[in-house]
Every structure is written in structure tokens, then in C-alpha cells.
Amino acid sequence: MVTATALEAELLELAGAVPDPELPVLTLRELGVLRAVRLHGGDTVEVDLTPTYTGCPAVEAMSLDIERVLRAHGMREVTVRTVLTPAWSTDDITPEGRQKLAEFGIAPPRVGHDSGPVPLALGPTRTREPQSPAEPVRCPHCGSAETELLSRFSSTACKALRRCLACREPFDHFKEL
Amino acid sequence: MTATGPTARTAAPAAVPVTAALALGDDALVLSHRLGEWAGHAPVLEEEVALANIALDLLGQARVLLSLAGDEDELAFLREERAFRNLQLVEQPNGDFAHTIARQLYFSTYQQLLYTELAGTEGPFAPLAAKAVKEVAYHRDHAEQWTLRLGDGTETSHERMQRACDALWRFTGEMFQPVEGLEADWRGMEDRWLESVTDVLGRASLTVPQGPRTGAWSAGAGRQGLHTEPFGRMLAEMQHLHRSHPGAAW
């Protein structure tokens with residue numbers, strides 16, 4: 001990320017502090033979706049934003065929020081570009097971001113996990129995958145590693161719905177991508 | 001879709017093969033619309049959410065792809081049936097839940113193979129393919145798990161799943177017709193598709209359909225703009241609002 005001037009660094013920080021519209025505990029910087037801020041002249045700025053999922057409807061709200069914040073900071077023209085390369089990955093979420101997700105009751109994605117679904121064997125009713133040898137998805141409420149998948153898709157595309165077998169609470173898991 | 005959305009502003013590189021952008025974009029758009037028809041009708045709440053999320057991923061892909069070919073709203077809402085280049089498979093009505101799952105299994109297996117190929121090229125579709133292939137892996141997994149559950153479930157679910165796989169089989173040959181402007185090993189993809197689908201159906205105690213994989217038409221199919229009868233009615237519903245109220249926005 002090129003931050004040539006002090007003002008660019010300041011604008012990057014401002015844009016990065018914008019909360020995610022769907023997960024307001026996270027900032028855009030912590031989510032890892034803000035790629036670059038480029039200043040052209042004194043008051044024209046271009047921002048590169050990458051979507052989490054291709055169809056993520058939050059991108060438009062994020063763009064508007066970034067525009068509003070940067071205009072309030074004296075920028076006359078703000079352009080937010082959507083960039084797809086390199087593709088966003090849950091590994092781009094910062095350690096503070098993961099921490100905040102867990103505190104918010106959402107199991108954070110595992111780091112360096114091979115993205116994509118984990119193959120699982122079908123039980124008689126619910127599915128309970130053989131936990132990957134590396135790292136189980138822990139319950140964000142009680143910390144138990146004994147959790148099962150209820151549905152691959154939850155309230156948003158980026159989450160799966162799971163249930164804790166120890167405390168019985170259902171919870172969202174920010175699934176690896 | 002709004003013309004002012006951020007995706008619409010993504011600069012279109014000069015050398016985008018329009019036919020290919022329409023083929024890929026129309027597949028995603030049409031299947032997204034079909035899956036959206038499940039809203040309020042899915043058998044359980046989790047599936048309501050899952051199918052809507054898959055539809056949303058596909059809509060996101062469609063927006064990027066159609067924007068490479070032109071104005072996304074004009075392309076989605078103002079083209080006639082014959083101008084759409086999607087596979088006939090994706091326009092088939094939802095049918096029962098097993099039908100939808102069979103369509104998902106056939107299509108997501110294909111899309112995962114195709115996007116994997118495109119992600120490895122230097123072409124204009126590589127960025128989208130590299131991003132979307134990770135989403136499609138979840139779509140395929142969803143379809144596979146349901147195929148196993150229905151195929152290896154009750155007598156009724158098995159029978160319905162088999163019927164769905166049989167009914168849609170004749171739309172699967174079209175997927176491997178080379179598309180102008182797409183660099184891919186179509187023969188190799190077809191072999192890998194058959195291998196993958198055969199494996200899933202086998203584990204689901206289902207029989208791989210034996211019938212022909214294309215219809216009797218020699219003039220082509222969806223990729224040539226020739227569609228099946230239900231597609232016109234789907235388009236009428238999808239385009240009705242925009243055509244009645246040109247330029248309407250939320």
C-alpha cells in the first residue's frame with residue numbers, strides 16, 4: 001500500500017476507521033477491505049476497496065460512508081473504486097478484528113486454513129464434521145471446541161451457523177474464504 | 001442493480017470478449033433469479049437463507065461480468081430472450097427441492113471447474129474467476145451434501161432426487177461447448193465434471209442417468225440464444241418492473 005504523503009496516511013486512517021455497515025464492531029481496516037488511498041492534487045482522492053464476497057451488498061454502503069468521511073475532512077472529490085485483485089481472504093482480517101468478532105459472539109475465521117468448505121460425513125440427522133486436525137471452531141460463548149455445523153450459510157454469505165455441544169448456544173462462524 | 005453502484009464504475013478493459021462475458025454473466029444472473037424464487041417457499045429456514053445467499057453470490061458475479069460487456073441494467077432488463085446467452089440448464093424452473101439441488105450440483109460443479117481454469121489465465125475474467133471460485137466451492141459443497149442426504153434418505157427422497165437428476169441430464173452436454181473468447185480445456189473439464197458428478201451420485205446411492213446429454217436440436221441451445229419455453233415467462237417477471245417504470249430506483 002503506497003502512502004506517499006502524510007495527508008494520504010491521514011486519509012487512509014480516516015477511511016479505515018469507518019465501521020463495517022453489517023458488523024459495526026469491525027472497522028474497514030480490521031476487515032482488511034481497504035486497499036489504497038491516492039491523493040491527486042490537493043483535494044481529489046481515489047480509494048481502492050475490495051469486496052468480501054462478490055455480491056456483498058455492504059460495498060455500496062461502505063463506499064458512501066468513506067465518501068462522507070473524506071468529504072467532511074475537506075476532500076472535494078472522492079472516488080471509491082472496487083478492485084477484485086488480489087481476491088480478499090479471511091486471512092486479511094487483522095488480529096484485533098478477530099478478537100472483536102469473538103467478543104461480539106461470532107467465531108472468527110481460522111487463519112491460514114485452506115479456504116473452502118470442509119468435507120464432512122453425514123450423520124443420521126445433523127451433520128457433524130470430523131474437526132480438522134489443525135484447529136477446531138470454538139464456541140465464542142463458552143470456548144468449547146465441541147461444536148457442530150447447522151448450516152453452511154447464515155444471516156450473511158460470509159457466515160455459517162453452528163451450535164455449541166457444551167453450552168447448546170447457536171452461534172455464527174465467520175467462515176474461511 | 002443500480003447504475004451508480006461501485007461495480008458499474010469498474011473500468012472495462014478494451015479487450016473483453018463480449019460473447020463470453022454475456023455467457024458467464026447470463027448464467028449467473030438467470031440462476032440467481034431462479035434461486036431467488038425460493039424466497040418464502042424453501043422447506044426450512046436454513047435453506048431459505050442458504051439459497052438466498054447463493055443467489056446473492058451469483059448476482060454479484062453477474063454484475064461484474066455484465067458490466068464488462070456494457071451497462072448492467074440495460075443488459076439484464078432490456079434484452080429480448082434471444083439475446084441471452086445462458087445455458088438452458090440454469091433457466092429450468094425450480095421444480096421440487098430435489099430438482100433445484102440437482103440443478104445446483106450440475107451447475108456448481110461446472111462453474112467451479114470453469115472458474116478454476118479462468119483464474120489461471122491472463123484474460124479479463126481472471127480476477128472475477130479467482131474471487132468467485134472460492135464462493136462457488138461453498139455452493140458445490142451445499143449441493144453435494146443435499147444430494148447425499150436426499151439420495152441416501154427415504155424412499156421418497158431417493159426417488160425424487162433420481163427423477164430430478166434424470167430430468168436435467170439432457171441439459172448438461174451444452175456446458176462443454178467451447179465459448180468464443182474463453183481459454184479453457186473443455187474436453188478435460190467435461191471428463192472431470194463427469195468424474196465428479198459420478199462420484200457424488202454413487203455415494204448418494206443414485207444412478208448416473210443414461211440418456212443423451214443434449215436435446216435433439218441441431219441449431220444449438222442457450223449459448224446460441226435458443227431457450228426453453230419457461231425462460232420467456234421468467235424474463236417477463238424479471239424485467240417487468242424495469243420495463244414498466246424505466247429508470248426506476250429504490
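This is a guided tour of a predicted model with chains A and B, stop by stop, with a suggestion at each stop of what to select.

**The two domains of chain A**

Begin by selecting residues 6–82 of chain A, which the domain assignment gives as domain 1, and then add residues 95–174, which it gives as domain 2. Where these parts touch, the contact takes 9 residues from domain 1 of chain A and 8 residues from domain 2 of chain A. If you colour the domain 1 side of that contact by residue class, you will find 5 nonpolar, 2 polar and 2 charged residues.

**A sheet and its helices**

Next, select β1, β2 and β3 of chain A, which are 3 strands that form an open sheet in the order β1-β2-β3, with mixed pairing. Strands of a sheet pair through backbone hydrogen bonds, either parallel or antiparallel. Look at the two edges, where β1 (34–40) and β3 of chain A each have a single partner strand, so one side of each is left without a neighbour in the sheet. From one strand to the next, the twist averages 15°.

Now narrow the selection to β1(A) and to β2 of chain A (residues 44–49), which pair in the antiparallel sense over 6 bridges. Within this pair, A:Val37 is a useful residue to label, and the residue that stands opposite it in β2(A) is A:Val47.

Keep the sheet on display and add helix α1 of chain A (residues 6–16), which lies across β1 and β2 of chain A and runs at about 140° to β1(A). Then add helix α3 of chain A (residues 58–72), which lies across β2 and β3 of chain A and runs at about 155° to β3(A).

**Two loops of chain A**

Move on to the loop between β3 (77–82) and α4 (95–103) of chain A, where A:Pro86 is found. Zoom in on the backbone here, since a cis peptide bond joins A:Thr85 and A:Pro86, with omega at about -10°.

Another loop to select is the one between β6 (159–164) and β7 (170–174) of chain A, which holds A:Arg168. Phi of A:Arg168 is near 70°, a positive value in a residue other than glycine. Is A:Arg168 buried or exposed? A:Arg168 has 10 other C-beta atoms within 10 Å, and because a residue counts as exposed at 12 or fewer, A:Arg168 is exposed.

**A loop of chain B**

In chain B, select the loop between α8 (186–203) and α9 (229–244), where B:Ser205 lies. B:Ser205 also has a positive phi, of about 55°, although it is not a glycine, and with 13 other C-beta atoms within 10 Å it is partly exposed.

**Where the chains meet**

Show both chains and select the contact between them, which takes 29 residues from chain B and 26 residues from chain A. On the chain B side, α2 (45–69) and α6 (126–151) each supply at least two residues, and α6(B) gives the most, with 14 residues. By class, this side of chain B has 13 nonpolar, 8 polar and 8 charged residues.

**The largest nonpolar core**

Finish with the largest nonpolar core, which has 103 residues, and highlight A:Ala15, B:Leu65 and B:Ala102, the residues with the most contacts inside it. The element that gives the most to this core is α2(B), with 14 residues. Domain 1 (6–82) and domain 2 (95–174) of chain A both give residues to the core, so it lies between them.

As a last selection, centre the view on B:Ala102 and, leaving aside its neighbours within four places in sequence, look for its contacts with B:Met161, B:Ala164, B:Cys165 and B:Leu168.

Conventions: Residues numbered from 1 in each chain as written. Chains lettered and ligands numbered in written order. Predicted model: local features only at pLDDT ≥ 70, side-chain atom pairs only at ≥ 80, totals over all residues. Contact = placed C-beta atoms within 7 Å. Helix = DSSP H or I, 4+ residues; strand = E, 2+ residues; numbered from the N terminus. Nonpolar A, V, L, I, M, F, W, Y, C, P; charged D, E, K, R; others polar. Domains from an automatic or database assignment. Core = buried A, V, L, I, M, F, W, Y, C linked by C-beta atoms within 7 Å. Buried ≥ 20, exposed ≤ 12 C-beta atoms within 10 Å, placed from the backbone. Pairing = 2+ DSSP bridges. Axes fitted to C-alpha atoms, helices over the stretch in contact; angles between N-to-C directions.
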